[in-house]
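Subject: Structure for you to look at

Hello,

Here is the structure I said I would pass on. Please open it first, then read my notes below with it on screen.

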Amino acid sequence: MSATSGAGAAPDPLAGLRQRVRELIVRSGRSQREFADLLGLEPSKLSKSLKGTRRLAADELIRIAEVAGVTVNWLLHGSDDAATVVAVPPRDRSPVPAAERGTERAAGAERRRQIIEAAHRLIAVHGYHSVRTVDIARACGTSSATIHYHFPALRDLLDEALRSAAKQAFDRQVAVLHTVPCARTRLYRLIELQLPYPGLLRREWSIWLQVWTESALNPQLRDLHAAHYQRWHDTIARTLREGIEAGQFREFDVEAMTMRLTALIDGLGIQVMTGRPGRTVEAMRETLREFVATAIEGGTQP
C-alpha cells in the first residue's frame, strides 16, 4: 500500500524521501527515465518507488546518494546530521573550484563525481603511487587539464578517495541499519558490512590501507583519517552501549571494548587483504562472531 489515505491515516514516513528524490531528479537536469538509467535501475521500479507502491532497497538508496552527491541520511531524514543508529561523520567538504562555488552546475558536479569514482577505483586497484593524472583522465573520458581544474594536485585525489570511502561506509550503514532497532543484530550486521568481500568492500579496504601508510608520513592526511575513523569508532561504541542498556551484552568498559573490537577488525582485515595463508573473509567473520559471543555477549566459547 502506498501513501496515506483517509482523514485518520497516519503520516507516511517515506513521503519526505520520495519528495527529496524528486528534487534530486529535477536538480540533475535529467528526465526521470534518464536518472533511472544513471542509477542502473529499471525506470518502472523508480516510478513505482516515487509513487509509493514500491520501497527503495538499501543498495538503491546508496546509489541515489552516490550519484546525487548527498548522504543516505539526508535522503531518509532531510539532514546529514539527523540522529540515527549510526554515528554522524564530521562536516568535511572537499573544496569546489572557485568558478563553480555556490552556483555549481549539474554538468560540473557530474564530471567531478566521475573523476572521484575513477580515482577511487584506480587507486584501490593499482595503488596511489602507481596512478597518474593521465590514467584518471583516460578512465573517465576527459583531459588531464580537467582533472587539474577540479583537483590541482594528485594528493587531493587521495584525500578525496578517503572521503569517498568514508562516505560510502556511512551511507551503507545508514541504508542497511536504519530499520534495525536491536543493538545485537546491528553489531553483527556492522561486522558483516566491514568484511573485505571482493568488489567494492575490498576496494574500500585497499584505500584505507594506503591511507594508513600515507598517514604515518603526512600529518595533514593523518588528521583527515582520524576524523573519519572516529565516526566508525563512535558507531561501534553507540551500538555496544545500547546493547548493554537493553541487557543484550554483559557489562564492560565501552571505550576499551570498542578499541579491542575495532583493532581486531583492522588486524584481521589487513591479514585478509595481504593474503596471509588461511586468512579468508569467512575465517575473519567466524573469529569476529566468536569474539562478540564470548567477550561482548558473555557466552562461553564452544
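A crossing of two helices is left-handed if the near helix is turned anticlockwise from the far one by less than a right angle, and right-handed if clockwise. That term comes up several times below. Please keep in mind that this is a predicted model.

The whole chain

The protein chain has 14 helices and 0 strands. Read along the sequence, the pattern is therefore α repeated from one end to the other, with no other element in it. Of the 302 residues in the chain, 46% are buried. Taking contacts between residues at least 6 apart in sequence, 64% join residues that are at least 24 apart.

Helix α2

Start with α2, which covers residues 32-39. Which of its residues are buried? They are Phe-35, Ala-36 and Leu-39. Looking down the axis of α2, these buried residues fall within an arc of 100 degrees, so they line one face of the helix. The face turned away from that buried side carries Arg-33 and Asp-37, which are exposed.

What do the buried residues of α2 pack against? Their partners are α1 (15-28), α3 (43-51) and α4 (58-68). After α2 comes Gly-40, which has a positive phi, near 75 degrees.

Pro-89

Pro-89 sits in the loop between α5 (72-77) and α6 (106-126). Pro-89 and Ala-227 are separated by 138 residues in sequence, but their C-alpha atoms are 7.8 Å apart in space. Leaving out residues up to four places away in sequence, Pro-89 touches Phe-170 and Arg-231.

A span with an annotation

UniProt, in an unreviewed entry, lists residues 132-151 as "DNA-binding region". In the model this span is 70% helix and 0% strand. The C-alpha atoms at its two ends lie 13 Å apart.

Packed helices

Two packed helices are described by the angle between their axes and the distance between the axes. I went through three pairs in that way.

The first pair is α9 (residues 154-177) with α10 (residues 183-193). Their axes are 11 Å apart, and the packing angle is about 145 degrees. This crossing is right-handed. On the α9 side the contact is made by Arg-172, Gln-173, Val-176 and Leu-177, and on the α10 side by Arg-186, Arg-189, Leu-190 and Leu-193.

Arg-172, in helix α9, is worth a separate look. Is Arg-172 buried or exposed? Arg-172 has a relative accessible area of 10%, so it counts as buried, the cut-off being under 20%. Its C-alpha atom is 7.9 Å from that of Leu-193, although the two residues are 21 apart along the chain. Leaving out residues up to four places away in sequence, Arg-172 touches Ile-62, Leu-193, Leu-200, Leu-201 and Glu-204.

The second pair is α10 with α12 (residues 219-245). Their axes come within 8 Å and cross at roughly 150 degrees. Angles over 145 degrees count as roughly antiparallel, so α10 is roughly antiparallel to α12. Here α10 passes α12 in a left-handed crossing. The residues in contact are Ala-183, Arg-186, Leu-187 and Leu-190 of α10, together with Trp-232, Thr-235, Ile-236, Thr-239, Leu-240, Glu-242 and Gly-243 of α12. Arg-186 and Leu-190 are also in the list for the contact with α9.

The third pair is α13 (residues 254-273) with α14 (residues 281-296). How far apart are their axes? The distance is 10 Å, and the helices pack at an angle of about 165 degrees. That angle makes α13 roughly antiparallel to α14. The crossing of α13 past α14 is right-handed. From α13, the contact includes Met-257, Arg-260, Leu-261, Leu-264 and Ile-265. From α14, it includes Val-281, Met-284, Thr-287, Leu-288 and Phe-291.

One residue of that contact, Thr-287, lies in α14. Because its relative accessibility is 36%, Thr-287 counts as partly exposed. The C-alpha atoms of Thr-287 and Ile-265 are separated by 9.5 Å, with their positions 22 residues apart along the chain.

That is what I found.

Regards

Note on methods. Residues numbered from 1 in each chain as written. Predicted model: local features only at pLDDT ≥ 70, side-chain atom pairs only at ≥ 80, totals over all residues. Heavy atoms only, no water. Buried < 20%, exposed > 50% of the residue type's maximum accessible area, 1.4 Å probe, protein only. Helix = DSSP H or I, 4+ residues; strand = E, 2+ residues; numbered from the N terminus. Arc of directions from axis to C-beta. Contact = heavy atoms within 4.5 Å. UniProt positions renumbered as here; feature names shortened; annotations may be inferred. Axes fitted to C-alpha atoms, helices over the stretch in contact; angles between N-to-C directions. Parallel < 35°, antiparallel > 145°, perpendicular 65-115°, else oblique.
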